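The exercises below are to be worked with the sequence and the coordinates side by side. Each task is followed by a solution in steps.

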Amino acid sequence: MFRCQKCRKWLKSITTETDVVYNGTTYHATNVPAKICPECGKITIYGIIEERIVQYATQRNVNNIDYAECENEEASASQLIL
C-alpha cells in the first residue's frame with residue numbers, strides 16, 4: 001500500500017487504460033493495473049508497468065494491447081516451461 005504524495009490518503013488498486021510513448025511511437029493499453037487516490041483522483045501507473053506495455057506491444061508488433069491478457073498469456077507460457 002502506498003499513500004498519495006499530495007493528499008496522504010491510501011491509494012486504491014484499479015485497472016485503467018493508458019498511452020505510452022516510446023521512441024516516437026504511441027502504444028495504447030487497456031486493463032492496466034494502477035493506483036488511484038480516493039481524495040484527489042490522481043492515477044499512478046508505475047514505470048515497470050509502462051515498460052512491460054512497450055515490451056508486449058513490440059513483441060506482438062502492434063500498437064494496442066490488452067495488458068491483462070498479455071500477462072495471462074505470459075503466466076500460462078511460463079507454466080508450460082515448468
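**Exercise 1. A salt bridge and its neighbours**

Which side chain meets that of R52 in a salt bridge, with 3.0 Å from N to O? Place the partners in the chain and look for further members of the group.

Solution. The model is a predicted one.

Step 1. The partner is E71, whose side chain meets that of R52 at 3.0 Å, N to O. This pair links distant parts of the chain, with R52 in helix 1 and E71 in helix 2 (residues 67–81), 19 residues apart.

Step 2. Search around R52 for another acidic side chain. E74 also forms a salt bridge with R52, and the closest N and O atoms are 2.5 Å apart. Here too distant parts of the chain are linked: E74 belongs to helix 2 and R52 to helix 1, at a separation of 22 residues.

Step 3. Put the pairs together. R52, E71 and E74 are linked in a network of salt bridges.

Step 4. Check the accessibility of each member. R52 has a relative accessible area of 21% and is partly exposed. It is 28% for E71, also partly exposed, and 35% for E74, again partly exposed.

**Exercise 2. Completing the count**

How many salt bridges does the structure hold? Find the pair that involves R60.

Solution.

Step 1. The structure holds three salt bridges.

Step 2. The pair with R60 is made by E73, with the closest N and O atoms 2.8 Å apart. Because E73 lies in helix 2 and R60 in helix 1, the pair ties together parts that are 13 residues apart in sequence.

Step 3. Compare each residue with the burial cut-offs: under 20% is buried, over 50% is exposed, and values in between are partly exposed. E73, at 40% relative accessibility, counts as partly exposed. R60, with a relative accessible area of 31%, is partly exposed.

**Exercise 3. The faces of helix 1**

Which residues of helix 1 are buried? Work out how they are arranged around the helix axis.

Solution.

Step 1. Set the limits of the helix. Helix 1 covers residues 47–60, 14 residues in total, and reaches 20 Å from its first C-alpha to its last, close to the 20 Å expected at 1.5 Å a residue.

Step 2. List the buried positions: I49, I53, V54, Y56 and A57. Seen down the axis of helix 1, these buried residues fall within an arc of 165 degrees, so they line one face of the helix.

Step 3. Turn to the other side of helix 1, where I48, E51 and Q59 are exposed.

Step 4. Follow the chain past the end of the helix. Just after helix 1, N61 takes a positive phi of about 55 degrees.

**Exercise 4. A buried lysine**

What is the nearest side chain of opposite charge to K35, and how far away is it? Describe the surroundings of K35.

Solution.

Step 1. Locate the residue: K35 is in strand 2 (residues 25–36).

Step 2. Look for a charged partner. The nearest side chain of opposite charge is E71, 14 Å away, and K35 has no salt bridge although it is buried.

Step 3. Look for polar partners. The side chain of K35 makes a polar contact with that of S13, at 2.8 Å.

Step 4. Add the other neighbours. Leaving out residues up to four places away in sequence, K35 touches L11, K12, S13, I14, K42, I43, T44 and Y46.

**Exercise 5. Two glycines in loops**

Is G24 buried or exposed? Carry out the assignment for G41 as well.

Solution.

Step 1. G24 lies in the loop between strand 1 (12–22) and strand 2. With a relative accessible area of 72%, G24 is exposed. From G24 to K6 is 18 residues in sequence and 31 Å in space, C-alpha to C-alpha.

Step 2. G41 is in the loop between strand 2 and strand 3 (43–44). Its relative accessible area is 35%, which makes G41 partly exposed. G41 and K9 are 32 residues apart in sequence and 11 Å apart in space, C-alpha to C-alpha.

**Exercise 6. The whole chain**

In what order do the elements of the protein chain run from the N terminus on?

Solution.

Step 1. The protein chain has two helices and four strands, and their order is β-β-β-α-β-α.

Step 2. Of its 82 residues, 24% count as buried. The C-alpha atoms fill a box of roughly 40 × 35 × 15 Å, taken along the principal axes.

Step 3. Among contacts between residues at least 6 apart in sequence, 42% join residues at least 24 apart.

Key: Residues are numbered from 1 along each chain as its sequence is written. This is a predicted model: local features need pLDDT of at least 70, side-chain atom pairs count only at pLDDT 80 or more; totals for chains, interfaces and linings use all residues. Side-chain values use heavy atoms; hydrogens and water are left out. The expected span of a helix is 1.5 Å times one less than its number of residues. Buried means under 20% relative accessible area, exposed over 50%, partly exposed in between (1.4 Å probe, protein chains only). The arc is that of the directions from the helix axis to the C-beta atoms. Lys and Arg count as positive and Asp and Glu as negative; His and the chain ends are not counted. A salt bridge is a side-chain nitrogen of Lys or Arg within 4 Å of a carboxyl oxygen of Asp or Glu. A polar contact is a pair of N or O atoms within 3.5 Å; within protein, one must be able to donate a hydrogen and the other to accept it, and residues adjacent in sequence count only if both atoms are side-chain atoms. Contact means heavy atoms within 4.5 Å.
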